[in-house]
Amino acid sequence: MSSPKPAPPVNVLVIGSINMDVLTPLRRLPEPGETIHVEDITLVPGGKGANTAVAAARQGATVRFIGCVGDDAFGKQLRSSLEDDHIDCRLIRTSTRGTGTAVILLDRATGQNAIMVGPGANDEVLLPKDDEVFKWADIVLLQLETPLSVNIEAAVRAREFDVPVILDPAPAQADLPDALLKSVTITSPNESELSLLTGKQVDNIDAAEAAARLLLDRGCQQIVVKLGEKGALWITHEQAHHVAAPVIEAIDTTAAGDAFTGTLGVGLAAGLDMPTAMKRACQVGALTCTQLGAQPSIPDLKALSRFKEAMRVY
């Protein structure tokens with residue numbers, strides 16, 4: 001099988017968080033007052049924004065990043081890690097606050113995780129006054145680990161230049177303002193985020209569609225629901241389209257949604273139709289789950305090619 005062709009050159013602007021992940025694999029949570037032994041605790045580059053940017057870069061896009069890190073060892077290490085993926089980091093500010101940190105509790109039995117985030121410098125992300133970076137972009141990718149005001153401003157400014165925007169509404173917020181939802185092109189929650197946004201239980205594809213249509217009623221243009229092992233669902237006022245995910249044995253689901261979003265953005269900016277872009281995004285998200293850690297697990301085009309050949313998915 002031939003390797004998947006890189007997407008035509010596209011410019012992706014990511015505005016988001018940069019964290020150092022403290023990855024803690026464990027068999028069970030400790031009881032109150034109890035101390036337990038865990039497997040080796042590992043420091044791994046992460047943050048939803050940074051993960052998404054790395055995914056886009058490894059899918060062949062030219063990526064610029066707007067973010068903020070602390071003037072500390074973590075900040076220097078994370079900036080260097082992004083530069084190693086050829087991501088333009090000139091718009092990453094340095095703050096006197098500490099670099100953002102996330103503590104990830106990983107259930108070794110299921111591969112599922114629980115995450116606690118200390119935003120630190122991510123609360124000080126600022127957009128440049130010059131609109132050049134928005135004019136440069138073919139697509140803008142946003143998440144909610146940075147201030148809401150920054151996300152709203154970014155979406156509005158991108159729209160002024162007809163640049164599509166994908167919002168990953170995570171960490172989930174029940175009171176996400178309609179001003180943001182109406183300003184983005186695609187809103188892409190996972191099941192739990194969609195449930196919190198709508199107040200509806202989302203545990204299957206039909207429930208996801210029904211809940212997503214409530215967001216359409218609030219002014220969203222398009223919804224792409226990340227369904228984990230069930231794939232993804234695209235909903236507009238006119239249609240609903242489901243894409244299945246490859247069957248894999250999940251080791252760690254950290255960054256799978258971010259890898260999906262980065263890949264989806266690259267595909268759409270390169271001119272793929274939505275179902276095709278979703279299919280590739282599901283493949284990259286699934287492959288991300290087969291390794292430990294956030295950014296180290298995100299595949300490039302060669303890894304994706306080997307995965308597709310081994311899984312016989314095309």
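Contact means heavy atoms within 4.5 Å. Keep that in hand for the exercises below.

A quick word on the model: it is predicted, so local features need pLDDT of at least 70 and side-chain atom pairs count only at pLDDT 80 or more, while totals for chains, interfaces and linings use all residues. Residues are numbered from 1 along each chain as its sequence is written, and side-chain values use heavy atoms, with hydrogens and water left out.

**Exercise 1. Find out which residues Asp-258 touches beyond its neighbours within four places in sequence, and whether Asp-258 is buried or exposed.**

Step 1: Locate the residue. Asp-258 sits in helix H8. Helices (H or I, at least four residues) and strands (E, at least two) are DSSP runs, numbered from the N terminus.

Step 2: List its contacts. Setting aside neighbours within four places in sequence, Asp-258 is in contact with Lys-48, Asn-51, Thr-52, Ala-55 and Asp-168.

Step 3: Check the accessibility. Buried means under 20% relative accessible area, exposed over 50%, and partly exposed in between (1.4 Å probe, protein chains only). Asp-258 has 4% relative accessibility, so it counts as buried.

**Exercise 2. Work out which parts of the chain the salt bridge between Asp-168 and Lys-48 links.**

Step 1: Get the rule straight. A salt bridge is a side-chain nitrogen of Lys or Arg within 4 Å of a carboxyl oxygen of Asp or Glu. Side chains of opposite charge can pair when their charged atoms come close.

Step 2: Look at the pair. The side chains of Asp-168 and Lys-48 meet at 3.5 Å, N to O. Asp-168 is in strand S9 and Lys-48 in helix H1, 120 residues apart, and the pair links these distant parts of the chain. Asp-168 and Lys-48 are both buried.

**Exercise 3. Describe the salt bridge of Glu-191 with Lys-230, and say why it ties together separate parts of the sequence.**

Step 1: Take the distance. The closest N and O atoms of Glu-191 and Lys-230 are 3.0 Å apart.

Step 2: Place the partners. Glu-191 lies in helix H6 and Lys-230 in the loop between strand S11 (222–226) and strand S12 (232–235), so the pair ties together parts that are 39 residues apart in sequence.

Step 3: Compare their surroundings. Glu-191 has 17% relative accessibility and counts as buried, whereas Lys-230 is partly exposed, with 29%.

Step 4: Step back. Lys-48, Asp-168, Lys-226 and Asp-258 are joined into one network by salt bridges that share partners. The structure holds 16 salt bridges.

**Exercise 4. Test the length of helix H4, then find what its buried residues pack against.**

Step 1: Predict the span. The rule is 1.5 Å times one less than the number of residues. H4 has 13 residues (148–160), so it should span 18 Å; its end C-alpha atoms are 19 Å apart, which agrees.

Step 2: Pick out the buried residues. They are Val-150, Asn-151, Ala-154, Ala-155, Arg-157 and Ala-158. Here's a handy background point: an α-helix has 3.6 residues a turn, so residues three or four places apart point the same way.

Step 3: Name the packing partners. The buried residues of H4 pack against strand S1 (11–15), helix H3 (132–136), strand S8 (139–143), strand S9 (165–168) and helix H5 (178–181).

Step 4: See what comes next. H4 is followed by Asp-162, which has a positive phi, near 55°.

**Exercise 5. Describe the largest pocket: how much space lies in it, and which residues are closest to its centre?**

Step 1: Know the term. On a 1 Å grid over the protein atoms alone, a pocket is an open set of points where a 1.4 Å probe fits, with protein on both sides within 12 Å along at least five of seven lines; lining residues have an atom within 4 Å of a point.

Step 2: Read off the volume. About 1300 Å³ of space lies in the largest pocket. It is lined by 47 residues, and the closest to its centre are Gln-112, Asn-190, Thr-253, Ala-256 and Gly-257.

Step 3: Sort the lining. It divides into 22 nonpolar, 14 polar and 11 charged residues. Strand S7 gives the most to this lining, with five residues.

**Exercise 6. Decide whether Asp-175 is buried or exposed.**

Step 1: Place Asp-175 in the loop between S9 and H5.

Step 2: Apply the cut-off. Asp-175 has a relative accessible area of 62%, so it is exposed.

Technical notes: Points joined across faces, edges and corners; volume = space filled by probe spheres on them. Nonpolar A, V, L, I, M, F, W, Y, C, P; charged D, E, K, R; others polar.
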